[in-house]
Every structure is written in structure tokens, then in C-alpha cells.
Amino acid sequence: MSDIDLSVNIGKFKLRNPIMLASGTVGYGNEISEFSDLNKLGAIVTKSLSLKPRKGNPPQRIVETPSGMLNAIGLANVGVDIFLKEKIPFLKKYDVPLVCNIAASTVEEYVECTRILDSEETIKAFEINVSCPNVKDGGLQFGNDIKAVGLVISKVRAVTNKPLIIKLSPNVSYISEFAQVVKNEGGDAVSAINTLVGTAFNIITKKPKLYNVNGGLSGPAIKPVALAKVLEISRKVDIPIIGIGGIMNWKDVIEFMIAGASAIQIGTLNFIDPTAPERMIKELEDYCVSNQLNKISDLTASYLI
Ligand SMILES: Cc1cc2nc3c(=O)[nH]c(=O)nc-3n(C[C@H](O)[C@H](O)[C@H](O)COP(=O)(O)O)c2cc1C
């Protein structure tokens, strides 16, 4: 046992270590629990939850790409009521902070989902997925519209005192402007990044490989983009950042922290090696020992020093 302190604070949200599992890659925790001791992780984030159950897109929903994958799942999920009745009892058995990720088609739906989930004490924080079409405003994604993001945060903030994390889209010119709005409207932290828009074609059928045509690109291919977005936010806005994008090993975690992340999330890697996140905790500890670091949180934004 070393006395390295691996704990991190994301504003008022305290984690035992910086390793979180990303939304959409571990279901509701149950899917990963056979491979990993959930109690060791920093936190887990649920698949995006909507007010009503959603079937998502027809197949093909996933395509492999060089150093990554495209997904167009279409936010398939059980909805908040079934989540509370059928998924929470399993999660209650674990001592791991649970973050509920919320997706919606209107501002009112974000608010209603948060309000319904807020009274469940197992849920320790909310992560708002703004990479969803705003049906009342021409279908433009909330996450691409700075006013819409501001409105979602201020309205959701009014119905919860739990830590409120906004998951930012990288498909914008200046992500830091969105992070600034999150701070102005009372959000506690941002997570960066969600997937990049991408597509792929079958050269024989000449048809898109994904039913939805476009999908979200994730995996190692996006890591440099994600790091640059984290760095931009860290330089411009004083708000805790959760780094996400292409994290494949403990070295990537360190890089994200140096660039400004307080914690990180692991997504695509869970499909390749679901035992990796737990292993990384020990590897981070070893890095701290060999680099004379007593507290891993000292790494956050250390590029500035
Ligand atoms: C199959 C799949 C499903 C996803 N579903 C969601 C989702 O429901 N909500 C969300 O906010 N992000 C979702 N994401 C995005 C991830 O949480 C993460 O932001 C992204 O994949 C980048 O991290 P990575 O490169 O480590 O995978 C999904 C990603 C994948 C690969």
C-alpha cells in the first residue's frame, strides 16, 4: 500500500480516482460488472436517458474505422421510469458514484428527466448530453447553439442541487465559448468531448455504411482533437474539465490531466478490453510513485507551470 492520493475533485463532486466510464459504453453498469470491480472506479456514467424509452436507429449502427469507430445508435435507452425501477436496484449494490447522463429533444424534456431522477439518492451527479437535435428549433443540435446550451443549463440548474456536468460537442469552432456559458449559467463542470461527426461508404453498394448515414467518431483517432479541446477550455475558462476521447491507456490519462482535465472518461476502450480501466488505477499510482507525486490532482493543468 502506497500513500499516494489518487482522489480528485470535479468542483463539489469528489471521486476516489480520476477514472470514469463514459456514457453509452457500459450500459447501466450491469454490462461491465462481470469484467470490472465497479467499487474500484472513480465513477460510472449511464447510457443517455430520455423521458420515454427510445428504440434508437435500425442497424447498421456501428462501423469500424482506422483507429476508431463510428456509431449511430440513436440514443436507444429504457427511459427514466424503467431506469429507476429496473436498473437502479442493481446499481445500489455498489459503492461507486453514479452519474446519470440525460438526452432530450426539448428544453422541457431535459428539465423533466432531471427533476424525476433528482430524488434518487444513488445518483450523485448529472451529465447533460447536448449533442441531441432540438426538435422545437429546426432540429439543430443543442450543443451547436450557444443560446440553447445556456437555456438548458439555467433551466436544469433550477431543479437540482447535484453536481451538473455539461458534455460538450467538439463539432463547434470554439468549444471554450460553450464552456464559458456553462460556467455563467451555474454548471459545475464540463466533459469534453462527445464524438466527432463522421461517415463511411460501402464501395460496392455505393451506400453509406450506417443506416443513419452520419455517425459519431470515437477511439484513438480522436485523441489529439480531444486533447486540444481540453487545452483550449483550460486556457480560457476556470471550470473543472472531464477529459474524454480516445483514451487507451494510463499514459493517455496523464496527458489529459496535464492538458487541464481533473478526471477522465473511458469509452471505446470498454469494447476492446473492459478490464483495462480498473488496471489503469494501479498504473496511475505507479506513475505517481516514480514521479514523486503525492497527489495525482497536482497534475491537472500542470502544463501551465
Ligand atoms: C457505442 C457508443 C455509444 C455512445 N453513446 C453515448 C450516449 O448515449 N451519450 C453520450 O453522451 N455519449 C455517448 N457516446 C460517446 C462517449 O461517451 C464518448 O464521449 C466518446 O465515445 C469519446 O470517447 P472514446 O473515444 O473514449 O470512446 C457513445 C460512444 C459510443 C462509442
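**From the ligand shell to the barrel**

The residues of the shell around the ligand comprise 15 polar, 8 nonpolar and 2 charged ones. This shell counts 25 residues in total, and those that come nearest to the ligand are G24, S48, S218, G267 and T268. The coordinates belong to a predicted model, and the description below proceeds from the chain as a whole to its sheets and helices.

The protein chain contains 8 helices and 14 strands. Its radius of gyration is 18 Å, close to the 19 Å that the globule rule gives for 305 residues, so the chain is as compact as a globular protein of that length. The C-alpha trace spans about 55 × 50 × 40 Å along its principal axes. Buried residues make up 49% of the 305 in the chain. Among contacts between residues at least 6 apart in sequence, 72% join residues at least 24 apart.

Which strands form the closed barrel? The barrel has 8 strands in the order β3-β4-β7-β8-β9-β10-β13-β14, and the pairing is parallel. On average, neighbouring strands of this sheet are turned by 25° against each other, direction ignored. Strands of a sheet pair through backbone hydrogen bonds, either parallel or antiparallel.

Several pairings of the barrel can be followed residue by residue. Strand β3 (residues 19-21) runs parallel to strand β4 (residues 43-45), and 2 bridges join them; L21 stands opposite I44 in β4. Further along the barrel, 4 bridges link strand β8 (residues 123-129) to β9 in parallel, with I128 opposite I166 in β9. Strand β9 (residues 164-167) is in turn joined to β10 by 3 bridges, again in a parallel arrangement, and here I165 faces A189 in β10 as its opposite number.

In a regular strand the side chains alternate between the two faces of the sheet. Strands β9 and β10 can be examined with this in mind. Both faces of β9 are covered: L164 and I166 are buried on one side, and I165 and K167 are buried on the other. Strand β10 is likewise covered on both faces, with A189 and S191 buried on one side and V190 and A192 on the other.

Helices pack against these strands. In helix α4 (residues 175-184), the buried residues are I175, S176, F178, A179, V181 and V182. An α-helix has 3.6 residues a turn, so residues three or four places apart point the same way. The cover over the buried residues of α4 includes α3 (146-157), β9, β10 and α5. After α4 comes G186, which has a positive phi near 95°. Helix α5 (residues 223-236) lies across β10 (189-192) and β13 (241-244), and runs at about 170° to β13.

Why is helix α6 described as largely enclosed by the rest of the structure? The reason is that 9 of the 10 residues of α6 (residues 250-259) are buried. These are W250, D252, V253, I254, E255, F256, M257, I258 and A259. They pack against α5, β13, β14 (263-266) and α8 (276-290). Just after α6, G260 adopts a positive phi of about 135°.

A second sheet accompanies the barrel. This open sheet has 4 strands in the order β5-β6-β12-β11, with antiparallel pairing. Its edge strands are β5 (62-65) and β11, each of which pairs on one side only. Neighbouring strands of this sheet are turned by 40° against each other on average, direction ignored. Within the sheet, strand β6 (residues 68-71) and β12 run antiparallel and are joined by 3 bridges. One position in this pairing matches L70 with its bridge partner L217 in β12.

The loop between β11 (196-199) and β12 (214-218) contains A200. Is A200 buried or exposed? It counts as partly exposed because it has 16 C-beta neighbours inside 10 Å, whereas a residue would need 20 or more to count as buried. Leaving aside neighbours within four places in sequence, A200 is in contact with V63, T65, L70 and K209. The C-alpha atoms of A200 and S67 are separated by 14 Å, although these residues lie 133 apart along the chain.

Notes. Residues numbered from 1 in each chain as written. Predicted model: local features only at pLDDT ≥ 70, side-chain atom pairs only at ≥ 80, totals over all residues. Pairing = 2+ DSSP bridges. Axes fitted to C-alpha atoms, helices over the stretch in contact; angles between N-to-C directions. Contact = placed C-beta atoms within 7 Å. Near = placed C-beta within 6 Å. Nonpolar A, V, L, I, M, F, W, Y, C, P; charged D, E, K, R; others polar. Buried ≥ 20, exposed ≤ 12 C-beta atoms within 10 Å, placed from the backbone. Rg over C-alpha atoms; globule rule 2.2 N^0.38 Å.
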